[in-house]
Amino acid sequence: MKKFSIIGLILSIILSINTFAQKVKIGMFTDVHVPTMHDAKERLTAFMDSMKTAKPDFIIELGDFGTPAPKYAYGFDIWNAYPGPKYHLIGNHEMDGGFSLQQALEYRGMPSSYYSFQKNGFYFIVLDGNDKKSPELKGYQEHIGEKQLAWLKEELGKAKTPIVIFSHQGLGKDGVDNSADIRALLEAHNAKAKKNKIIVNFYGHIHYDRADEINGIWYVCINSMSYKWLGEEYGHVRYSEQVDKDFKWIKYTAPYKDPLFTVVEISAKGTITISGKKSQWVGPSPKEVGYPEKNSEYEVPEIRARTLKFKP
């Protein structure tokens, strides 16, 4: 009996150590918009330099990086030079300038716009929110179609460990147009799940700093690396006439002086820790140019430090 008690104690210790070891550190940014920003090179370089110190398990960008146009290749060169594991998402602006989804994927070396991978005892699912409800639709889309949803269901069934979902357009309150249906799917999975619960959806797209907990799942919007989009009616010279001439969209934004990015650490014990980074507006704030203050709580030049709790 004593022998079996000792063996049981050893197994318990090993299990405890393995549980303790289930942490993952992620370097993350979104919406750098290389075609829009005159200083995208410096912003991306600052992120990469920071990652040398942070030493994450992998880095990921949540979309709206750039197109395959040769003049934006420098952004991808900086990204591709990173020596560790790295992952792209497809945002709605990757196909600007007439590029196809297939061209955007091939340029990044991505076999699909949605995929999964595993790291440090977590199951990561990457989604593409650019599906069309019907083929005739034009313009930017915010939808996840039936084919992709069927794949998502299969992936949820395959997972044996906690699940993290990345998407450009979110799955929360301000997400894709069928986000309520998707949340119902995710919540139904969690109701039956044991060790493979969905923890969080990280997304970008709307250039907010926001975190919402909905029925046990976190939906976290990572702020843009570069700016808040305002629109043509709020145009203002932010840098110089020459910059505005060379980068025609920048005057319609409220740029952040410093690049925003974060390091996220997730522990299987029940915490999501988001490192903070604060900047300031270049030129007048959105409020100062008359931009509506409807979402001013989220429209800030920073990524707030947060510690979010979830039930393992």
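This note goes through the overall fold and the aromatic contacts of a predicted model.

1. Overall build. The secondary structure of the protein chain comes to seven helices and 16 strands. With a radius of gyration of 21 Å, close to the 20 Å that the globule rule gives for 312 residues, the chain is as compact as a globular protein of that length. Taken along the principal axes, the box that the C-alpha atoms fill is roughly 85 × 45 × 40 Å.

2. Burial, surface and contacts. Of the 312 residues of the protein chain, 54% count as buried, while the area that the chain exposes is about 15000 Å², of which carbon and sulfur atoms supply 54%. When contacts are restricted to residues at least 6 apart in sequence, 71% of them join residues at least 24 apart.

3. A stacked phenylalanine pair. A search of the whole structure finds 25 aromatic pairs, and one of them is formed by Phe-166 and Phe-202, which are stacked at 6.0 Å centre to centre with 25° between the planes. This pair links distant parts of the chain, since Phe-166 lies in strand S6 (residues 163-166) and Phe-202 in strand S7 (residues 198-203), 36 residues apart. Phe-166 counts as buried because its relative accessibility is 0%, and Phe-202, also at 0% relative accessibility, counts as buried as well.

4. A tilted tryptophan pair. The rings of Trp-229 and Trp-249 have their centres 6.4 Å apart and their planes at 55°, so this pair is classed as tilted; for the centre distance, the pairing cut-off to keep in mind is 6.5 Å. Here too the pair links distant parts of the chain, with Trp-229 in strand S10 (residues 227-229) and Trp-249 in the loop between helix H7 (241-246) and strand S11 (253-255), 20 residues apart. Trp-229 has a relative accessibility of 35% and therefore counts as partly exposed, and Trp-249, at 37% relative accessibility, likewise counts as partly exposed.

5. The aromatic cluster. Ring pairs link Phe-58, Tyr-87, Tyr-115, Phe-117, Phe-122, Phe-124, Phe-166 and Phe-202 into a cluster, and the stacked pair of Phe-166 and Phe-202 described in point 3 thus belongs to this cluster, as both residues are among the members.

6. A charge over a ring. The charged end of Lys-251 sits over the ring of Tyr-252, at 5.6 Å from the ring centre, and a reader checking this contact in the model should look for that lysine and tyrosine.

Note on methods
Residues are numbered from 1 along each chain as its sequence is written. This is a predicted model: local features need pLDDT of at least 70, side-chain atom pairs count only at pLDDT 80 or more; totals for chains, interfaces and linings use all residues. Side-chain values use heavy atoms; hydrogens and water are left out. Rings of Phe, Tyr and Trp (its six-membered ring) pair if their centres lie within 6.5 Å; planes under 30 degrees apart count as stacked, over 60 as edge-to-face and the rest as tilted. Helices (H or I, at least four residues) and strands (E, at least two) are DSSP runs, numbered from the N terminus. Buried means under 20% relative accessible area, exposed over 50%, partly exposed in between (1.4 Å probe, protein chains only). A charge sits over a ring if NZ of Lys or CZ of Arg is within 6 Å of the ring centre and within 35 degrees of the ring normal. The radius of gyration is taken over C-alpha atoms; the globule rule is 2.2 Å times the number of residues to the power 0.38. Contact means heavy atoms within 4.5 Å. Accessible areas come from the Shrake-Rupley method with a 1.4 Å probe; for residues, only the protein chains shown count as cover.
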